[in-house]
Amino acid sequence: MTPPVSSKRQGELAARVEKAVLTTPVYDIHTHLYDPAFGELLLWGIDDLLVYHYLVAEAFRQFDLPYDKFWAMSKQEQANAIWNALFIEHSPISEACRGVLTTLNRLGLDVKKRDLPALRKWFAKWKVADYTTHCMEVAGVQRICMTNSPFDDVERVVWERGFNRDERFTAALRIDPLLLSWHDSAAPRLRDWGYDVTPQLSEKTVSEVRRFLADWTRRINAQYLMVSLPPDFRYPGDQACPRLMETAVLPHCREFGLPFAMMPGVKRGVNPQLKLAGDGVGHCDTATYENLIAAHPDNKFLITALARENQYSLCVAARKFRNLHLFGCWWFTNIPSLIEEMTRMRLELIGLSVTPQHSDARVLDQILYKWEHSRRIIARVLVEKYADLAATGWEPTNTEIQRDVQDLFGGAFDRFCGRHQARATQLPSARPAKKPGRRK
Ligand code: RAT
Ligand code: ZN
C-alpha cells in the first residue's frame with residue numbers, strides 16, 4: 001500500500017504543473033486573426049475589443065436603443081455605448097467582459113481608473129507589427145492559425161496579389177459557402193473565377209471543385225480545411241453538403257493529407273438584427289459524425305461542437321475513432337464552468353489525445369485573456385489528475401509533465417496532422433514589458 005502523498009508533496013506537484021501550463025508556448029489552432037500583411041483585416045485595440053460580437057449581444061440586453069441606431073454608429077461610438085452599458089452601469093462579470101479587463105491588465109494598464117479615452121491613447125502609440133509580437137509574447141502564443149476564406153472579397157485579393165508570409169501565422173481553408181450555399185452562392189462564384197461548374201454535381205463539376213480546393217490549398221498552404229455546420233446537418237444524405245463532402249472535400253483532404261475540421265451546432269441568424277452576434281446554438285446529431293468518420297477511415301477529422309449536450313457523446317466517439325481529434329471550447333462554451341467541465345471530461349475519457357483549447361480570437365489582444373483564463377483552468381484540472389496518479393505512487397517527473405502539456409498545447413494536434421514539431425521550449429519567464437513603438 002502506497003503511503004498517502006503529504007500535503008507538502010501535493011503543493012510541490014501543483015507548483016510544477018502550474019509552471020508548465022503557464023509557461024509552455026501554445027499553437028492557437030483556430031482564430032480569426034490575420035497575418036499583419038492583411039492590414040485592416042487584423043483587428044486589435046480597445047475599440048475592437050469592445051465591439052466584439054460576444055459583447056454586442058450582451059450590451060443589447062442593457063441598451064434601450066433600436067438595432068439600426070446602433071449599427072449606424074461609428075466603431076468608436078459603438079464602443080462607447082458598450083463600455084457604458086457593460087462596464088460603467090453594471091459590473092463587468094460576464095466572461096467576455098472580464099476578458100477585456102484581463103487583457104488590459106496583462107498589457108500593464110490600470111483598469112480601476114475606468115478611463116476609456118486614456119486607454120485609447122495608450123493603444124494609439126503602437127505599430128501593429130510590434131504590437132503583434134508583444135501580444136504573442138505576453139500570451140505565450142507561438143503560432144496562430146488563421147481562418148482563410150476565398151469567398152471573402154477583401155481577403156481573396158490579398159492572397160491573389162501575394163505577400164511575404166509571417167511564419168507565425170498558419171492558414172486554414174474555410175469553405176462554409178461551398179458546402180452550405182452551393183446553389184445560391186458558391187457555384188456561380190466558382191464559375192466567375194473560371195471553374196467549369198454547374199449547379200448539378202456532375203463528375204466534371206466535382207473535379208472542378210477539387211481543382212478549386214487544390215488551387216487554394218496550395219496558394220495559402222492550408223493546414224486543414226474547415227466548415228461550421230448547422231445542428232440539422234445529416235450524413236449520409238442527398239443534399240449538396242454531404243454529397244460535396246463525400247465526392248470533393250474528403251477525397252481532396254486525402255490527396256493532400258489534410259484534416260477536415262468541423263464545428264457543428266451553429267444556428268445561423270437566430271436574431272438577424274444582431275448580425276454576427278445573432279447566431280445561436282443547437283444540439284447536433286453525433287450519429288451523423290460517427291457515420292461520416294466510420295465511412296472515411298482514411299480521412300482525419302477535427303471536431304469542436306458548440307453545444308454542451310454534445311461534448312460527452314463526442315468524447316465517446318473519439319474513443320472509437322482514432323481519426324477523430326477533438327479540440328477547443330468556443331463561443332458559448334468558452335466560459336470557465338464549461339471549459340473546466342469539458343477539459344475534465346475529455347482528459348478522463350481520452351487522456352492527452354486532445355487539444356483542449358483554441359482561442360477563436362477575432363481581435364489580436366484577445367489571445368491575452370483567452371489563454372490566461374484557459375491556462376488557469378487546464379492547470380487546475382491537470383493538478384487534480386496528476387495528484388490522483390501520485391496517490392497510487394506514480395509521481396510524474398517534470399519531463400513527463402512538460403511533454404504532456406506540450407501535447408495539449410499543439411503537440412498532439414501537430415502529430416495528428418502528421419507534422420512533427422520539435423518540442424517547444426518554455427517561455428522566457430518574466431520578460432519585461434516592451435515599450436510601445438510608434439504607430440505607422
Ligand atoms: O466564436 C466566434 O467568433 C463565432 O462567431 C464563429 O466565428 C466561430 O468561431 C466560427 O469559426 O464559425
Ligand atoms: Zn471561429
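# A guided tour of the predicted model

Begin by selecting K275, which sits in the loop that runs between β6 (266-267) and β7 (280-281). The model on display is a predicted one. K275 has a relative accessibility of 48% and therefore counts as partly exposed, since the exposed class begins only over 50%. Add W71 to the selection and draw a C-alpha to C-alpha distance: K275 and W71 are 9.3 Å apart in space, although 204 residues separate them in sequence.

## The central sheet

Next, display the strands as a cartoon. In what order do the 7 strands of the open sheet follow one another? The order is β1-β2-β3-β4-β5-β8-β9, with parallel pairing. At the edges stand β1 and β9 (324-326); each has a single partner strand, so one side of each is left without a neighbour in the sheet. Neighbouring strands of this sheet are turned against each other by 25 degrees on average, direction ignored.

Now follow the sheet from the β1 edge. β1 and β2 run parallel and are joined by 3 bridges. To see one place where β2 is faced, select D28, which stands opposite I144 of β2.

Colour β2 (residues 141-145) by accessibility. Of its 5 residues, 4 are buried, so this strand is largely enclosed by the rest of the structure. On the way to strand β3 (residues 169-174), β2 forms 2 bridges in the parallel sense. Select C145 and T170 together: T170, in β3, is the bridge partner of C145.

Move on to strand β4 (residues 222-229). β3 and β4 pair in the parallel sense over 3 bridges, and L173 stands opposite L225 in β4. In a regular strand the side chains alternate between the two faces of the sheet.

## Helices across the sheet

Show the helices as well. Which strands does α17 lie across? α17 lies across β1 and β2, and runs at about 125 degrees to β1. Turn then to helix α15 (residues 311-320), which lies across β8 (301-303) and β9 and runs at about 145 degrees to β9.

## The zinc ion

Select ligand 2, the zinc ion. Which residues coordinate the zinc ion? Its donors are H30 (NE2), H32 (NE2) and D360 (OD), at 2.0 to 2.1 Å. Along the sequence these donor residues follow the spacing H-x1-H-x327-D. H30 belongs to the loop between β1 (26-28) and α2 (46-50), and D360 to the loop between α16 (336-350) and α17 (366-390), so the pair ties together parts that are 330 residues apart in sequence.

Check the accessibility of these two donors. H30 is buried, with a relative accessible area of 0%. D360 is also buried, at 5%.

## Ligand 1

Keep H30, H32 and D360 selected and add ligand 1. These three residues are among those that surround ligand 1, together with H53, Y54, R174, S228, M263, R268, W330, W331 and R362.

Three side chains deserve a distance label:

- R362: an N or O atom of its side chain is 2.3 Å from an oxygen atom of ligand 1.
- R174: a polar side-chain atom lies 2.8 Å from an oxygen atom of ligand 1.
- H53: an N or O atom of its side chain is 2.9 Å from an oxygen atom of ligand 1.

## Backbone features

From the surroundings of ligand 1, centre the view on W331, in the loop between β9 and α16. What is the sign of phi at W331? Phi is positive, near 55 degrees, in a residue other than glycine. Is W331 buried or exposed? At 12% relative accessibility, W331 counts as buried.

Go next to N221, in the loop between α12 (203-220) and β4. N221 has a positive phi as well, of about 55 degrees, although N221 is not a glycine. Its relative accessible area is 49%, which makes N221 partly exposed.

Finish at P236, in the loop between β4 and α13 (240-256). Show the backbone atoms here: the peptide bond from Y235 to P236 is cis, with omega near 0 degrees.

Note on methods: Residues numbered from 1 in each chain as written. Chains lettered and ligands numbered in written order. Predicted model: local features only at pLDDT ≥ 70, side-chain atom pairs only at ≥ 80, totals over all residues. Heavy atoms only, no water. Buried < 20%, exposed > 50% of the residue type's maximum accessible area, 1.4 Å probe, protein only. Donors = N, O, S within 2.8 Å, 3.2 Å for Na, K, Ca; no water. Pairing = 2+ DSSP bridges. Axes fitted to C-alpha atoms, helices over the stretch in contact; angles between N-to-C directions. Contact = heavy atoms within 4.5 Å. Near = heavy atom within 4 Å. Polar contact = N/O pair within 3.5 Å; in protein donor to acceptor, adjacent residues only side chain to side chain.
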